[in-house]
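Okay, thanks for coming, everyone. I'd like to walk you through how some helices pack in this one, and then look at a few charged pairs.

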Amino acid sequence: MSEDIAALVRQLAAADRDERRAATDRLVALGAPVVEHLLPLLAEEDGPGRSAAEACVQRLGTAAIEPLRRVRSEGPGHLRPAALRMLASVGGGDALSPADRAAVERLVQVKLLDETPGDLPSDAWVAVPRAEVKDILRALELHDARPVTTALGVSAALHHENSLDHRSADGTTSTEYRVFITPEFDGWRLVYGADYLNDNWAQAIEKLSTHCREAHFYEVDEYNGARVWWVMENGQDKRGHRTYGDPEWVGEPLEFERDLMQDAAARASEGEGEEEEEGDALHDSEEAEEYAEGVRDPEEAASSISIQPSTVEVLDRVGHGWLAVTSPEVGHGRFRGALDI
């Protein structure tokens, strides 16, 4: 049996895709005994067959947990890091032993002492000024908030499983989420959660602005060509723009918008009365049209009325980030993924 498994594992690195797929299917059918044979491939950084080996373990799911735990406790030592990564990937924190969970928590505390967060993602985020973490948690009804590094928070809320279906004791089913609250940067805290904001951004900023006076939402969807930015104060819409919204605009232009609108209109008007290169005149005309009703670009809006995630590395930082969940019945351990720290 071991020789057959070893031959199939070697086949995972084959050049032919159909051959790799056939080997994967046969290994998965053999179940848990294949895990110890797959780990050497998983321990290689970029070795051939690693991605196919990961796919095998993922498909084995919970059946892979006990063999991976044995490697964590008994070795060999050089395979322990790969076993830990795959445990988190297939079973989340709940799959780790108490000793491994304690070790991860200690590492987070050590990293927090001298963390230097890099720039943050600019796909979708909420910005809240002058708000305490406890107020954000209360407004969004978040639970089990834990101190985390920024790398861990971004990894958990954006790059790995950050929503799951939860069946309550009364038989009802709900979708629960993991949400990351950043350190404070120049007086602003940002809130991330890929699935959470995709499903709940409007409710989230309404709740936050009600409890914290003001909240903004920004989204740049390159795939769909969509741009959204929205400002609420005291639970009420103040100003907003959605590329595909109906209506597209809400509220009156803010001061920074009026300045940009006037400048663009003035340049277009000056160009009409002067000799100007055709390309420059076209640019002025397009700019005036772009700003005719206000600012459409979320990042441009953020740079004027809050902060841009891509600039936080150079901003004054206070405190650390927090990772929380949306239900007291759902802990962090159920979310799968080997997180960065």
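**Helices and charged pairs**

Let's start with K207, which at 32% relative accessibility counts as partly exposed. Before going on, keep in mind that this is a predicted model.

So what does K207 pair with? K207 forms a salt bridge with E141. The closest N and O atoms of the two are 3.3 Å apart. Now find both ends on the screen. E141 sits in the loop between α8 (133–140) and β2 (143–148), while K207 is in helix α10 (residues 194–212), so this pair ties together parts that are 66 residues apart in sequence. E141 is partly exposed too, with 48% relative accessibility.

If you're new to this, here's the general idea: side chains of opposite charge can pair when their charged atoms come close. How many salt bridges does a search of the whole structure find? The count is 17. I'll show you two others in detail.

One is between R59 and D25, with 2.9 Å between the closest N and O atoms. R59 is in helix α4 and D25 is in helix α2 (residues 17–30), so to speak distant parts of the chain, 34 residues apart. Are these two buried or exposed, or something in between? R59 has 49% relative accessibility, and counts as partly exposed. D25 is partly exposed as well, at 36%.

The other is R72 with D100, where the N to O distance is 2.6 Å. Again the pair links distant parts of the chain: R72 belongs to helix α5 (residues 65–74) and D100 to helix α7 (residues 98–113), 28 residues apart. Here the two partners fall into separate classes. R72 is partly exposed at 22%, whereas D100 is buried, with a relative accessible area of 11%.

**Helix α4 and its neighbours**

Okay, on to packing. Two packed helices are described by the angle between their axes and the distance between the axes.

Take α2 and α4. Their axes are 9 Å apart and the packing angle is about 35°. The crossing is right-handed. Which residues make the contact? From α2 we have T24, D25, L27 and V28, and from α4 we have A52, C56, R59 and L60. You'll recognise D25 and R59 there, the salt bridge pair from a minute ago. By class, this contact has five nonpolar residues, one polar and two charged.

Now turn to the other neighbour, α3. Helix α3 (residues 35–43) and helix α4 (residues 50–60) have axes that come within 8 Å and cross at roughly 140°. That angle is why α3 and α4 are described as oblique to each other. α3 passes α4 in a left-handed crossing. On the α3 side, the contact uses V35, L38, L41 and L42. On the α4 side, R50, A53, E54, C56, V57 and L60 take part. Those residues divide into eight nonpolar, no polar and two charged. Notice that C56 and L60 turn up here, and they were also in the contact with α2.

**A closer look at R50**

R50 deserves a minute. R50 is in helix α4. Buried or exposed? R50 is buried, with a relative accessible area of 19%; the cut-off for buried is under 20%. Leaving out residues up to four places away in sequence, R50 touches L41, L42, E44, E45 and R85. There's a network too: salt bridges that share partners join R50, E54 and R85. And although R50 and A13 are 37 residues apart along the chain, their C-alpha atoms are separated by 7.9 Å.

**Finishing with α3 and α6**

Last one. α3 also packs with helix α6 (residues 80–91), with the axes 9 Å apart and an angle of about 100°. That makes α3 roughly perpendicular to α6. In this contact, L39, L42 and A43 of α3 meet A82, A83, R85 and M86 of α6. The classes come out as six nonpolar, no polar and one charged. The charged residue is R85, and R85 is also part of that network with R50 and E54.

That's my tour, so shout if you'd like anything rotated.

Technical notes. Residues are numbered from 1 along each chain as its sequence is written. This is a predicted model: local features need pLDDT of at least 70, side-chain atom pairs count only at pLDDT 80 or more; totals for chains, interfaces and linings use all residues. Side-chain values use heavy atoms; hydrogens and water are left out. Axes are lines fitted to C-alpha atoms, for helices over the stretch in contact, and angles run from 0 to 180 degrees between N-to-C directions. Helices (H or I, at least four residues) and strands (E, at least two) are DSSP runs, numbered from the N terminus. Angles under 35 degrees count as roughly parallel, over 145 as roughly antiparallel, 65 to 115 as roughly perpendicular and the rest as oblique. A crossing is left-handed if the near helix is turned anticlockwise from the far one by less than a right angle, and right-handed if clockwise. Contact means heavy atoms within 4.5 Å. A salt bridge is a side-chain nitrogen of Lys or Arg within 4 Å of a carboxyl oxygen of Asp or Glu. Buried means under 20% relative accessible area, exposed over 50%, partly exposed in between (1.4 Å probe, protein chains only).
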